[in-house]
Amino acid sequence: MVEHNGVVLVLSGPSGAGKSSLINKIADDIGEYYFSISTTTRPMREGEEEGVHYHFVSKEEFKKDIAENNFLEYATVHENYYGTSLNPVREALNKGKLVIFDIDVQGNTAINNRLGDITTSVFITPPSLSELKNRLESRATDSKEVIENRLKMAKREIQRTSEYEFLVINDDLDIAANVLRQIAITARLKIPYDRINRFVQKWENI
Ligand code: ADP
Ligand code: 5GP
């Protein structure tokens, strides 16, 4: 990737963990950021808007983007494709923004492989599986079958929590938001390897 001053904050966690609620809570306190809008082949949920929550495309369109190398990363989640388009992320990083991703554990691995030096990763979860079930049921955006599937996925995802730098347990929303706010502010302090190396070389030669 080209030279940039931006940094990355990866948020993962089961669907229903509270990622959107937490971002909304801290949005005004973390400076200029770009929330990466993923592309997906899953159907739009009630209340969602094209270009706001996701770019909703057909499987054919998604496969075309894969072939054209338009994705920074992509994965299959709940039998649908989800992917992060490269260009808007590159643009936001070049502008020095904090780029926030709401992506799954596979996406976190991919982002860490490509942008690990400027990435801070956070796993967000409700305090228990039963609380996750309660929240998904009261959010009332998914069918019973979809919720069962998400809970199954969540049991698998939680096993990979140790791949993240931070774990935020979203029990009380305000407390969890305070923790995430501090992590997001600190994420901005990461310095890419190439800038560190240049600094070290200069430092030795003055
Ligand atoms: P995600 O973006 O991770 O899928 P949401 O932010 O949509 O999760 O949250 C899922 C549901 O749980 C929503 O109905 C939200 O209002 C609720 N919720 C989020 N955080 C809490 C919390 N700390 N306590 C109780 N309910 C919560
Ligand atoms: P949902 O269908 O609830 O919006 O999202 C399902 C899962 O897909 C969540 O775990 C979410 O983090 C993940 N996800 C959303 N966008 C992307 C993406 O662009 N890449 C990857 N790898 N995962 C994504």
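Here are some worked exercises on the predicted model shown above.

**Exercise 1. Find the residues that come nearest to ligand 1, and describe the polar contacts there.**

Solution.
- Start with the surroundings: 13 residues lie around ligand 1, and the nearest are Gly16, Lys19, Ser20, Ser21 and Asn170.
- Next, look at the backbone. A polar backbone atom of glycine 18 sits 3.0 Å from an oxygen atom of ligand 1. For lysine 19, a polar backbone atom is 2.8 Å from an oxygen atom of the ligand.
- Then turn to a side chain: arginine 135 places a polar side-chain atom 3.3 Å from a nitrogen atom of ligand 1.
- Finally, consider cover. On its own ligand 1 has 570 Å² of accessible area, and the protein covers 73% of it.

**Exercise 2. Do the same for ligand 2: which residues come nearest, and how much of its accessible area does the protein cover?**

Solution.
- Around ligand 2 there are 19 residues, with Arg42, Tyr54, Glu73, Tyr82 and Asp102 coming nearest.
- Two backbone contacts involve oxygen atoms of the ligand. Glycine 83 has a polar backbone atom 3.2 Å from an oxygen atom of ligand 2, and a backbone N or O atom of isoleucine 103 lies 3.5 Å from an oxygen atom of ligand 2.
- A side chain takes part too: an N or O atom in the side chain of aspartate 104 is 2.7 Å from a nitrogen atom of ligand 2.
- As for cover, the protein takes up 96% of the 510 Å² of accessible area that ligand 2 has on its own.

**Exercise 3. Classify the aromatic pair of phenylalanine 71 and tyrosine 74: stacked, tilted or edge-to-face?**

Solution.
- The structure has 8 aromatic pairs.
- In this one, the ring centres are 6.0 Å apart and the planes meet at 50°, so the pair is tilted.
- Now add the surroundings of each ring. Phenylalanine 71 is buried, because its relative accessible area is 8%, while tyrosine 74 is partly exposed at 42%.
- Compare the pair of phenylalanine 123 and tyrosine 164, which is edge-to-face, with 5.3 Å between the centres and 65° between the planes. Phenylalanine 123 belongs to strand S8 and tyrosine 164 to the loop between H6 and strand S9, so this pair ties together parts 41 residues apart in sequence. Phenylalanine 123 is buried at 0% relative accessibility, and tyrosine 164 is buried at 8%.
- To finish, place the tilted pair in context: Phe62, Phe71, Tyr74 and Tyr81 form one aromatic cluster.

**Exercise 4. Which parts of the chain does the salt bridge between aspartate 174 and lysine 25 tie together?**

Solution.
- The count of salt bridges comes to 14. In this one, the side chains of aspartate 174 and lysine 25 meet at 2.9 Å, N to O.
- Aspartate 174 is in helix H7 (residues 173-187) and lysine 25 in helix H1 (residues 19-26), so the bridge ties together parts 149 residues apart in sequence.
- Both ends are partly exposed: aspartate 174 has a relative accessible area of 45% and lysine 25 one of 38%.

**Exercise 5. Set the bridge of glutamate 32 and lysine 97 beside that of glutamate 137 and lysine 133.**

Solution.
- Glutamate 32 and lysine 97 meet at 3.5 Å, N to O. Glutamate 32 lies in the loop between H1 and strand S2, and lysine 97 in the loop between helix H3 and strand S7, 65 residues apart.
- Glutamate 32 is exposed at 57%, whereas lysine 97 counts as buried because its relative accessibility is 18%, under the 20% limit.
- Glutamate 137 and lysine 133 meet at 3.3 Å, N to O. Being 4 residues apart in helix H5, they are separated by about one helical turn.

**Exercise 6. What is notable about phi of asparagine 69, and where is this residue found?**

Solution.
- Most residues other than glycine have a negative phi.
- Asparagine 69 has a positive value, near 60°.
- Asparagine 69 is found in the loop between helix H2 (59-67) and strand S5 (71-77), and it is exposed at 63% relative accessibility.

Notes
Residues numbered from 1 in each chain as written. Chains lettered and ligands numbered in written order. Predicted model: local features only at pLDDT ≥ 70, side-chain atom pairs only at ≥ 80, totals over all residues. Heavy atoms only, no water. Near = heavy atom within 4 Å. Polar contact = N/O pair within 3.5 Å; in protein donor to acceptor, adjacent residues only side chain to side chain. Areas by Shrake-Rupley, 256 points an atom, 1.4 Å probe, with all protein chains shown as cover. Phe/Tyr/Trp six-rings, centres within 6.5 Å; stacked < 30°, edge-to-face > 60°. Buried < 20%, exposed > 50% of the residue type's maximum accessible area, 1.4 Å probe, protein only. Helix = DSSP H or I, 4+ residues; strand = E, 2+ residues; numbered from the N terminus. Salt bridge = Lys/Arg side-chain N within 4 Å of Asp/Glu carboxyl O.
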